[in-house]
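I opened this entry to record what I looked up in the structure. The topics are the domains, the ligand site and the cavity.

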Amino acid sequence: MPKYTFSAPCLLGIEGLVGNELRFLGAEEVSPENGRVIFKGDFEMMARANICSRYAERIQILMGEFEALSFEELFQGVKALPWEKFISKTDAFPVKGRSLSSKLHSIPDCQKIIKKAVVERLKEKYMLPWFEETGAVHQIQFLILKDRVSVMIDTSGAGLHKRGYREKANDAPIKETLAAALAEISGVRKNHVVADPMCGSGTILIEAALKAKNIAPGINRYFAAEKWSQIPSYIWKEERKRAKESEREDCTFRGYGYDIDREALKTALENAQKAGVADMIKFEYGDVRKFRCPEERCTVITNPPYGERLLDLKSAEELYKVLGENYKHTPDIRYTVISPDDDFEKCFGRKADKRRKLYNGMIKCQVYMYGVKKK
Ligand SMILES: C[S@@+](CC[C@H](N)C(=O)[O-])C[C@H]1O[C@@H](n2cnc3c(N)ncnc32)[C@H](O)[C@@H]1O
């Protein structure tokens, strides 16, 4: 099977996790960069990464990278790439992308130039005057960062955080990829007990349970490249079978979720049912002020409300204080809390044993970890 270069964009701050995960899945020449991980592999690897990655946002074929300071350079750079390897005569190939800190900053103009360059390339290769674009969608994506152009073809379709279990959510749900990263950073294993005292729609506990049981996050969803004629359908079938066979039968994970919003708890239960982990998690009404860990050995992972979206800052900071008080009385219990509030440790009442910077979308956050050994 021929090998290709792929790019897996991810939330800033979790590139290392994505790199380790891809290596474990069998990717070659894995190289984490700012906000993405580059790797090599065949179509099997591409399908596996789509089905199994918990932390990547999508999987793209990296067609090429080059410098461009003018539209002519952009046109020639794109036209030189082997688009005919992936796009057949009838396939659709829309273009979208972003430009940051670059001379070529007009997105509509870059889109037009890239489209034109791909069309010109394919016209020459297929000896056709125009393209009907009625076939499978091959979404071309571009990123121009400090005048360096990266052009990709997306293989995922909907972002990989869309696992298929969360149609509904409460007001400020955490992204599934970030929730999975929190479970990994907290060292969740198949026999662990995890509690989220402010669980909202249950994402953290659901992702922790999926990870504990090694259920592939994308096992029940569809990917754009499944429609591509270039990729035999048996590859997807085989990779789904392989993922199913790696689920852990001996998993004893238990999750406990609490919230004061009864609607959110109802949603959390529905989501857990759809994700196939409802038998591993209990959701109950409960105020964090009265929270006690349900079992002696337990890891608390939570993203409390914070000043901007759900509560005013003062009320949010009172909840951090409550968490800190709880930790003081149960120091054997590990805590992982994600918050964008720079005063979090002050409110919690002690410095974290470990801290990690990452982004929840555009919001700069820190993960504060208590009860873990300092390095
Ligand atoms: C940022 S949201 C959590 C989102 C959740 N991780 C998810 O993915 O849906 C914070 C949650 O804290 C809950 N909350 C606020 N005050 C609370 C309290 N005193 N006790 C328990 N839960 C509370 C809110 O109802 C909300 O669901």
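I took the domain bounds from an automatic or database domain assignment. On that basis I divided the protein into domain 1 (4-154) and domain 2 (176-217 + 249-370). I noted that the C-alpha centres of domain 1 and domain 2 lie 35 Å apart. Their contact (heavy atoms within 4.5 Å) takes 12 residues from domain 1 and 17 residues from domain 2.

I recorded that this is a predicted model, in which local features need pLDDT of at least 70 and side-chain atom pairs count only at pLDDT 80 or more, while totals for chains, interfaces and linings use all residues. Residues are numbered from 1 along each chain as its sequence is written, and side-chain values use heavy atoms, with hydrogens and water left out.

I turned next to the ligand. Which residues come nearest to the ligand? Of the 22 residues around it (a heavy atom within 4 Å), these are Asn 170, Ser 201, Thr 203, Asp 259 and Asn 303. By class, this shell has 12 nonpolar, 6 polar and 4 charged residues; I counted Ala, Val, Leu, Ile, Met, Phe, Trp, Tyr, Cys and Pro as nonpolar, Asp, Glu, Lys and Arg as charged, and the others, Gly among them, as polar.

I then listed polar contacts of the ligand (pairs of N or O atoms within 3.5 Å). A ligand oxygen is 2.6 Å from a side-chain N or O atom of Ser 201. A ligand oxygen is 3.1 Å from a polar backbone atom of Ile 174, and a ligand nitrogen is 2.9 Å from a polar backbone atom of Val 288. Taken alone, the ligand exposes 610 Å² (Shrake-Rupley method, 1.4 Å probe), of which the protein buries 95%.

Notes: Polar contact = N/O pair within 3.5 Å; in protein donor to acceptor, adjacent residues only side chain to side chain.
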